[in-house]
Amino acid sequence: MYKYPFFFVVWLGTAFAPALCQLSVSTIFSDHMVLQRHQPVKIWGKGIPELKVKVKFLGRQYFTTIAKDSSWVIMMKPSPYQPTPQQLTIESAAQLITLSDILIGDVWFCFGQSNMEFPLERELYFPVEKNTCGDDLLRIYPTDYPGKNIFAQIFSSKILHELAHPPFF
């Protein structure tokens with residue numbers, strides 16, 4: 001079909017490369033999240049270098065330029081308690097990311113043994129408690145880490161490497 005298929009593939013890759021480079025936000029940010037009240041909030045992600053990024057939240061706008069390494073960071077001003085769901089938008093060029101149902105309140109991190117991850121659905125009195133707890137604003141962030149849910153078996157070398165890597169600690 002083509003006399004020089006390698007060059008066609010290279011051309012095809014470079015022709016559509018800009019479409020593959022898109023705006024993104026760190027995976028820790030999502031719909032239904034809670035942001036800590038009365039504290040500055042750092043939002044970060046990736047995008048096409050040297051383009052502008054605009055973040056809109058609670059009637060405020062924040063701007064930055066994407067760095068040469070494709071990263072961008074915006075520090076949002078502290079906000080008071082906000083029990084009504086909000087929307088956060090992130091724009092760059094013609095790309096838009098919208099995060100919905102965001103609350104501003106108190107964020108609690110609970111750490112401990114594996115029993116801290118016990119699913120409430122498996123608790124004996126969950127059906128009763130679910131209907132009587134009365135806190136519709138409670139949100140739970142499911143964590144993930146190397147070795148999670150691996151019991152009574154030897155860790156793979158990949159997991160051992162992730163556990164031994166200095167940034168893990």
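What share of the contacts in the protein chain with a separation of 6 or more comes from residues 24 or more positions apart? I looked that up before anything else, and the figure is 56%. A note to self: this is a predicted model.

**Entry 1: the parts list**

I went through the chain from the N terminus and wrote down the elements as α-β-β-β-β-β-β-β-β-α-α. That gives three helices and eight strands. I also checked burial: 20% of the 169 residues count as buried.

**Entry 2: the five-stranded sheet**

I looked for strand pairing next. I keep reminding myself that strands of a sheet pair through backbone hydrogen bonds, either parallel or antiparallel. One open sheet here has five strands in the order 2-8-7-4-5, and its pairing is mixed. Strand 2 (34–36) and strand 5 are at the edges with a single partner strand each, so each has one side without a neighbour in the sheet. From one strand to the next, the twist averages 30°.

**Entry 3: a look at strand 4**

I picked strand 4 out of that sheet and asked who pairs with it. With strand 5 (residues 60–65) it pairs in the antiparallel sense, over six bridges. I found F63 in strand 5 as the bridge partner of K54. Strands 4 and 5 make a hairpin with two residues between them, and L58 in the turn has a positive phi of about 55°. Strand 4 also runs antiparallel to strand 7, and four bridges join these two. There I saw F57 standing opposite L88 of strand 7.

Which side chains of strand 4 are buried, and which are not? V53, V55 and F57 point to one face and are buried, while K52, K54 and K56 point to the other face and are not. My textbook reminder for this: in a regular strand the side chains alternate between the two faces of the sheet.

**Entry 4: one residue in strand 7**

I clicked on T89, which is found in strand 7. Is T89 buried or exposed? Its relative accessibility is 12%, and buried means under 20%, so T89 counts as buried. I then listed its contacts, leaving aside neighbours within four places in sequence: K54, V55, K56, L96, I97 and T98.

**Entry 5: the three-stranded sheet**

I found another open sheet, with three strands in the order 1-3-6 and antiparallel pairing. Strand 1 and strand 6 stand at its edges, each with a single partner strand, so one side of each has no neighbour in the sheet. Strand 3 and strand 6 run antiparallel and are joined by six bridges. K42 stands opposite M75 in strand 6.

**Entry 6: the rings**

How many aromatic pairs does a search of the whole structure find? I got one aromatic pair. The ring centres of F29 and W44 are 5.0 Å apart and the planes are at 80°, so I noted the pair as edge-to-face. Why does this pair tie together parts that are 15 residues apart in sequence? F29 lies in the loop between strand 1 (24–25) and strand 2, while W44 lies in strand 3, so the pair links those two parts.

I compared how well covered the two partners are. F29 is buried, at a relative accessible area of 10%, whereas W44 is partly exposed, at 34%. I also noticed K42 again: its charged end sits over the ring of W44, 6.0 Å from the centre.

**Entry 7: the core**

I saved the largest nonpolar core for the end. The general idea I wrote in the margin is that in soluble globular proteins nonpolar side chains tend to be buried together. This core has 21 residues, and I43, V53, V55, W72, M76, L88 and I90 touch the most other members. Two or more residues each come from strand 3 (41–46), strand 4 (52–57), strand 6 (71–76), strand 7 (82–92) and strand 8 (95–105). Strand 8 gives the largest share, four residues.

What does I43 touch, not counting residues up to four places away in sequence? I listed V25, F29, W72, V73, I74, M76, L88 and I90. I put a star by F29 in that list, since I had met it in the aromatic pair with W44.

Conventions
Residues are numbered from 1 along each chain as its sequence is written. This is a predicted model: local features need pLDDT of at least 70, side-chain atom pairs count only at pLDDT 80 or more; totals for chains, interfaces and linings use all residues. Side-chain values use heavy atoms; hydrogens and water are left out. A nonpolar core is a set of buried Ala, Val, Leu, Ile, Met, Phe, Trp, Tyr and Cys residues joined through side-chain atoms within 4.5 Å. Buried means under 20% relative accessible area, exposed over 50%, partly exposed in between (1.4 Å probe, protein chains only). Contact means heavy atoms within 4.5 Å. Two strands pair if DSSP finds at least two bridges between them. Axes are lines fitted to C-alpha atoms, for helices over the stretch in contact, and angles run from 0 to 180 degrees between N-to-C directions. Rings of Phe, Tyr and Trp (its six-membered ring) pair if their centres lie within 6.5 Å; planes under 30 degrees apart count as stacked, over 60 as edge-to-face and the rest as tilted. A charge sits over a ring if NZ of Lys or CZ of Arg is within 6 Å of the ring centre and within 35 degrees of the ring normal.
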